[in-house]
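Biologist: Before we begin, I would like to go through the terms used for this protein and ask what stands behind each of them.

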Amino acid sequence: MTWPIGIAYLIASLTFIAGLRLLSSPVTAPRGNYVAAAGMAIAIGATFFTHGMGNYPLIGVAMVIGAAIGAGSARQVKMTAMPQMVAIFNGMGGGAAALISSLEFIHATASGTPQTGQAVTIGLGAAIGSISFAGSIIAFLKLQELMKGTPLRYSWTKYANALLVLIVLALVGLITAHVGGRDVILPLAGVALLLGLVLVLPIGGADMPVIISLMNSLTGLAAALTGFVLSNELLIVAGALVGASGTLLTQLMAKAMNRPLSNVLFGNFGGGTSSAMGELPEGATVREISVDDAAVLMSYSPRVIIVPGYGLAVAQAQHQVRELADLLTEAGVDVKYAIHPVAGRMPGHMNVLLAEANVPYDEVYEMDAINGEFPSTDVVLVVGANDITNPAARQDTGSPIYGMPILNVDQAANIIVLKRSMRPGFAGIDNPLYYNPKTAMLFGDARESLQKLVAAVKSARPQTGKKAKTPEAVA
C-alpha cells in the first residue's frame with residue numbers, strides 16, 4: 001500500500017468513528033450519516049488506486065447497479081418496512097464477506113498452500129458470513145410476514161444447532177490443517193448457511209430486534225476477517241466498528257427485555273397462548289371511549305404521555321400524532337413521548353419514526369427516564385404498543401415476558417389505547433392492560449383515529465362564551 005492510499009484510509013477510518021459517535025444522538029445522527037458516507041466515498045476512491053486492481057469496467061457496472069438498487073430501495077421503503085430492509089442489507093454484507101473469503105481461498109490454494117493464519121481467517125470469515133447471510137434472510141422473511149413470526153420450537157433444534165456448530169468447527173479445522181484443499185470451503189459455507197437457518201428459524205418475531213443486532217455484529221466480524229484476508233486495514237477497522245457496535249446493541253436489547261442472549265436464541269418468547277379476536281378472559285370487561293370524550297380528557301389534563309408502537313408505524317400516523325401533541329401543547333398541556341428500547345421491529349424504530357415527523361427531541365424520553373413519571377400523569381395515549389405496555393411482565397410469573405421491563409402506563413390516572421381490535425401484539429400474548437378499569441379503548445385505524453382526535457381537540461379547546469367539559473365529567 002502506498003502512503004497516499006494509507007493516508008486516505010486513515011482519514012476514512014476517522015470519519016467512520018466520528019460518524020458512529022454522531023449517530024449516538026438523534027440531534028446529530030443526520031450529520032453522522034453524511035460524515036460516514038463521505039468517509040466511504042474516500043475509501044472507495046482510494047481503493048481504485050490500489051496496486052493490482054483491475055476489471056474497472058466490471059467494477060463500475062456493479063457499483064452502478066448496486067447504487068441504483070440501494071438508493072431506489074431507500075427512497076421507496078416505508079417506515080414499517082425499514083427493519084426488514086436493514087435485515088436484508090445486513091445479510092448482503094455477510095454474504096459478500098463469505099463469497100470473498102471463499103474465492104480468496106480458492107485462489108490461494110491454486111497457487112500453493114496458504115499460511116495457517118490466512119487459512120484460519122478465511123475459514124472463519126466464510127463460516128460467519130454465511131451464518132449472518134442465512135440468519136438475516138430468515139429475519140427478513142419473518143419481518144415481512146412472508147413467514148410466520150411465531151416461534152417454531154422442536155426438541156431436536158438444540159441438538160441440530162450443536163451438531164452443525166461442531167461440523168463448522170471441524171471444517172474450519174480441516175482448512176487450517178490444509179486437509180482437503182478447495183473441496184472443503186464449499187461444504188463449510190453450505191453447512192454454515194444451514195446453521196444460520198436453523199438458528200434463526202425457531203425464534204419468534206418479537207425477538208427480531210435482538211436478532212437483527214446479533215446478525216449485524218456477525219456481519220461486522222466477517223467483514224473484519226475479510227479485511228485480514230485481503231490485507232486491507234480499512235476493512236478491518238470498519239468491520240471491527242460494526243461488530244463492536246452490533247455486539248453492544250445486542251447486549252442492550254437483551255437487557256431491555258431482561259433476558260440473556262442464550263434465552264433469546266434457545267428460549268420460547270412469543271410462544272404463549274393468546275386470546276383470539278372478540279374473546280375475553282373470564283370476568284374481564286372492556287371500556288370504550290368516544291373520540292370527543294378522549295379529546296376533552298386530554299385537552300384539560302395537565303400532563304399527557306404518548307406511547308408510540310408498531311401500530312403507529314403501520315398506520316403511518318407519525319405526522320398526525322405530532323399534530324395532536326402540538327395542539328395539546330398550545331392548550332397548555334405538558335406532552336411527552338415514552339419510547340421502549342424494543343418498540344417496533346428494530347432498535348430505535350420509534351425514534352426514527354418520530355424524527356421523520358419532526359417531533360422535538362427534548363420531548364422524547366427513553367423508558368428508564370420516564371417510567372417514574374407515569375404515576376403523576378393524567379392521561380397516557382397508547383398508539384399501537386402492545387407487548388411493551390403489558391403488565392403481565394410484572395405480575396404473571398407464568399407469562400413468557402415475565403421479568404421484561406415495560407413502560408408503566410398502567411400507573412397513570414387514565415389510559416387511552418388506540419387499537420384496531422383486541423388482537424394480541426406481535427409476541428402473541430394477551431394484554432391485561434386493556435381490561436384495566438382505568439383503560440378506555442378507541443378502536444379503529446390509528447391514523448384515522450388520530451385525525452379525528454385532532455379535529456375534536458380543536459373544537460374542545462376553550463372558546464369564548466362556551467363552557468367546556470371537565471376531565472372528571474368525561475372519566
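The conversation below takes up salt bridges, burial, a surface patch and a core.

Modeller: Please keep in mind throughout that this is a predicted model.

Biologist: What makes Arg303 and Glu373 a salt bridge?

Modeller: The closest N and O atoms of Arg303 and Glu373 are 2.6 Å apart, and because the cut-off for a salt bridge is within 4 Å, the pair qualifies. The two residues belong to distant parts of the chain, with Arg303 in strand S1 and Glu373 in the loop between helix H15 and strand S4, 70 residues apart.

Biologist: Why is Glu373 called buried, and why is Arg303 called partly exposed?

Modeller: Glu373 has a relative accessible area of 17%, and buried means under 20%, so Glu373 counts as buried. Arg303 has 22% relative accessibility, and partly exposed covers the values between 20% and 50%, so Arg303 counts as partly exposed.

Biologist: How do you know that Lys458 and Glu323 meet in a salt bridge?

Modeller: Their N to O distance is 3.9 Å, and the cut-off is within 4 Å, so this pair also qualifies. Lys458 lies in helix H17 and Glu323 in helix H13, so the salt bridge ties together parts that are 135 residues apart in sequence.

Biologist: Why is Asn358 called exposed, while His178 is called partly exposed?

Modeller: Asn358 has a relative accessible area of 60%, and exposed means over 50%, so Asn358 is exposed. His178 has a relative accessible area of 38%, which falls in between the cut-offs of 20% and 50%, so His178 is partly exposed. Asn358 lies in the loop between helix H14 and strand S3, whereas His178 is found in the loop between helix H6 and helix H7.

Biologist: What makes Ile42 eligible for the nonpolar patch that it forms with Trp3, Ile7 and Ile11?

Modeller: Ile42 has a relative accessible area of 33%, and because patch residues need over 30%, Ile42 passes that cut-off. Ile42 sits in helix H2, while helix H1 gives the most to the patch, with 3 residues.

Biologist: And which residues have the most contacts inside the largest nonpolar core?

Modeller: They are Val307, Ile416, Leu450 and Leu453, in a core of 71 residues. Helix H17 gives the most to this core, with 6 residues. In soluble globular proteins, nonpolar side chains tend to be buried together.

Terms used
Residues numbered from 1 in each chain as written. Predicted model: local features only at pLDDT ≥ 70, side-chain atom pairs only at ≥ 80, totals over all residues. Heavy atoms only, no water. Core = buried A, V, L, I, M, F, W, Y, C linked by side-chain atoms within 4.5 Å. Buried < 20%, exposed > 50% of the residue type's maximum accessible area, 1.4 Å probe, protein only. Helix = DSSP H or I, 4+ residues; strand = E, 2+ residues; numbered from the N terminus. Salt bridge = Lys/Arg side-chain N within 4 Å of Asp/Glu carboxyl O.
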